[in-house]
Amino acid sequence: MKLRAILILTIYAVVIAFISLWAAKQSYSWFPPEAAAESKLFDDLFSLFTGLGTFIYLGVMGPFVYSLIFHRAAKYDLSDAPPIEGNTWLEIIWTAVPLVLVLSLAFASYQTYEKMAVRGPMELVHLHMPKVVEAAYAEPFDDTPQKEIQNALQTAPVEHIDVTAKQWAWIFRYPEQNVTSTELHLPIDRRVKFTLHSDDVLHGFYIPAFRLKQDVVPNHDIDFELTPVRAGQYRLRDSMLSGTYFAANQADVVVQSQADYEQWLADAATRTPAPAFNPAADEYARAQAQGRKTKDKTAVRGWATLPPAPPPIVNYSPQHEPTSPAT
C-alpha cells in the first residue's frame, strides 16, 4: 500500500509539472502584445509565478480530492482517527521549502523591478532618485544576439519627453522642438527618457502594453526610461485614484517609425497652441450647467468634487485633427 501511494504521488507530480509548464507558457498570451523592451522582463516573472502557482495549487488540491473520495470515513463511523505523532523531518521540510520558495520569488521580483527602474511613492518621497536610471532590456524578438541589441540601444540617442500629470489630463512636452501634445508619440527602437511631474496629487503613469507603471509624486521630478519595440497605438492610464474624474485621465500612445515620428514633430511644431478637449473638464462643465438649470448647488450625482484644471493648451491634440464628413 505504501509503495503504491508513493508511485501514485510520483506520477501525479510529474503530470502536474507538465501542466504547470504548459500554464506558464500560456500566460504569455494573457497580456497585450509586448510593445516595450521591458515587457519581456515582466512577462517572464509572471510566467514563473503562474507555473509555480499552478504546481502548488494542483499539488494541494489533487491529494485533497483523492483523500476526500477514497479515504472517507464510513457513513456511521464516528470514531476518532488513529493518533499519529509528529514527524520532525517532515515539519522541517514543509517549513523550509515554503520559506526558500517565498524568499526566492521575492528576490526574483526585486531583481526584475530593479532592472525596470520602477520606484514606489514612499521610496521617492524619503529617498533620493538615482542620477542614472539603469536601462532594462528584453529578449530579442528575432535572432539578433541580446548583447548586440543592448549595445545598439545604449549607443543610440535618447529621446527626452517631459510628462505633466494633473487633475485630470496628461500633457507631453518635447523640449527640443518645443512641442506640446495630449497624445504621446514615441519612436520605435529608441530609448525614451521621461521626466514625470505632478501638478497636484499622486498619479500613476501606466501603459499596460509596456508593462510599466511609475508613481508620479507631487514636488518631485522623476526620471523614467523605456524602449518601445512594437509599432502601434496603445493606451496610457492613470493607475492611481486621483479624484472624481481619474478614470477619464487617459491618453493615446502612438509608437511609430523614426521618420514618421520626426514628421509628426515637424507638423506639430507649425501649429498654434490651442485648448485641447478634456473629458473631465467637459463633464464637469456640463454637470455645473445642469445644476444651475435645476438650481441644485451640489454635483449632479450627489458627490462633491474640486473643479478640474483648465483644458491644456497644446500644439497637438487628436481632437484638433479634422474629421472626415459623414457618408
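Among the contacts in this chain between residues at least 6 apart in sequence, 71% join residues at least 24 apart, and this is a good figure to keep in mind while reading what follows, all of which concerns a predicted model. The chain holds 7 helices and 12 strands, and of its 327 residues, 35% count as buried.

A walk through the structure can begin with helix 1, which runs over residues 2-26. With 25 residues at 1.5 Å a residue, helix 1 should span 36 Å, and because its end C-alpha atoms are indeed 36 Å apart, the expected and the computed values agree. The buried residues of helix 1 are I16, S20, A23 and A24, and these buried residues pack against helix 2, which covers residues 39-70.

Helix 2 can be checked by the same kind of reasoning: it has 32 residues and reaches 46 Å from its first C-alpha to its last, which is close to the 46 Å expected at 1.5 Å a residue. Its buried residues are S39, K40, L41, D43, L45, S47, T50, G51, T54 and G62, and they pack against helix 1 and helix 3.

How, then, are helix 2 and helix 3 placed with respect to each other? Two packed helices are described by the angle between their axes and by the distance between those axes. Helix 3 covers residues 88-115, and it packs with helix 2 at an angle of about 165°, the two axes being 9 Å apart. Since angles over 145 degrees count as roughly antiparallel, helix 2 and helix 3 are therefore roughly antiparallel to each other. The crossing of helix 2 and helix 3 is left-handed. On the side of helix 2, the contact is made by L41, F42, L45, L48, F49, L52 and I56, while helix 3 contributes L101, L105, A108, S109, T112, Y113 and K115. Sorted by class, this contact of helix 2 with helix 3 has 11 nonpolar, 2 polar and 1 charged residues. Two of the residues named here, L41 and L45, take part in the contact with helix 3 and are also listed as buried in helix 2.

From the helices, the reader can turn to the strands and to some loops between them. W168 is found in the loop between strand 1 (159-166) and strand 2 (169-174), and a cis peptide bond, with omega about -5°, joins Q167 and W168.

Further along, D189 has its place in the loop between strand 4 (184-187) and strand 5 (192-198). Phi of D189 is near 55°, a positive value in a residue other than glycine. Is D189 buried, exposed or partly exposed? Its relative accessibility is 47%, so D189 counts as partly exposed. D189 and P228 are 39 residues apart in sequence, yet their C-alpha atoms are 5.6 Å apart in space.

R211, finally, lies in the loop between strand 6 (203-207) and strand 7 (212-216). R211 has a positive phi of about 60°, although it is not a glycine. With a relative accessibility of 7%, R211 counts as buried, whereas D189, at 47%, counts as partly exposed.

Technical notes: Residues are numbered from 1 along each chain as its sequence is written. This is a predicted model: local features need pLDDT of at least 70, side-chain atom pairs count only at pLDDT 80 or more; totals for chains, interfaces and linings use all residues. Side-chain values use heavy atoms; hydrogens and water are left out. Helices (H or I, at least four residues) and strands (E, at least two) are DSSP runs, numbered from the N terminus. The expected span of a helix is 1.5 Å times one less than its number of residues. Buried means under 20% relative accessible area, exposed over 50%, partly exposed in between (1.4 Å probe, protein chains only). Contact means heavy atoms within 4.5 Å. Axes are lines fitted to C-alpha atoms, for helices over the stretch in contact, and angles run from 0 to 180 degrees between N-to-C directions. Angles under 35 degrees count as roughly parallel, over 145 as roughly antiparallel, 65 to 115 as roughly perpendicular and the rest as oblique. A crossing is left-handed if the near helix is turned anticlockwise from the far one by less than a right angle, and right-handed if clockwise. Ala, Val, Leu, Ile, Met, Phe, Trp, Tyr, Cys and Pro count as nonpolar, Asp, Glu, Lys and Arg as charged, and the others, Gly among them, as polar.
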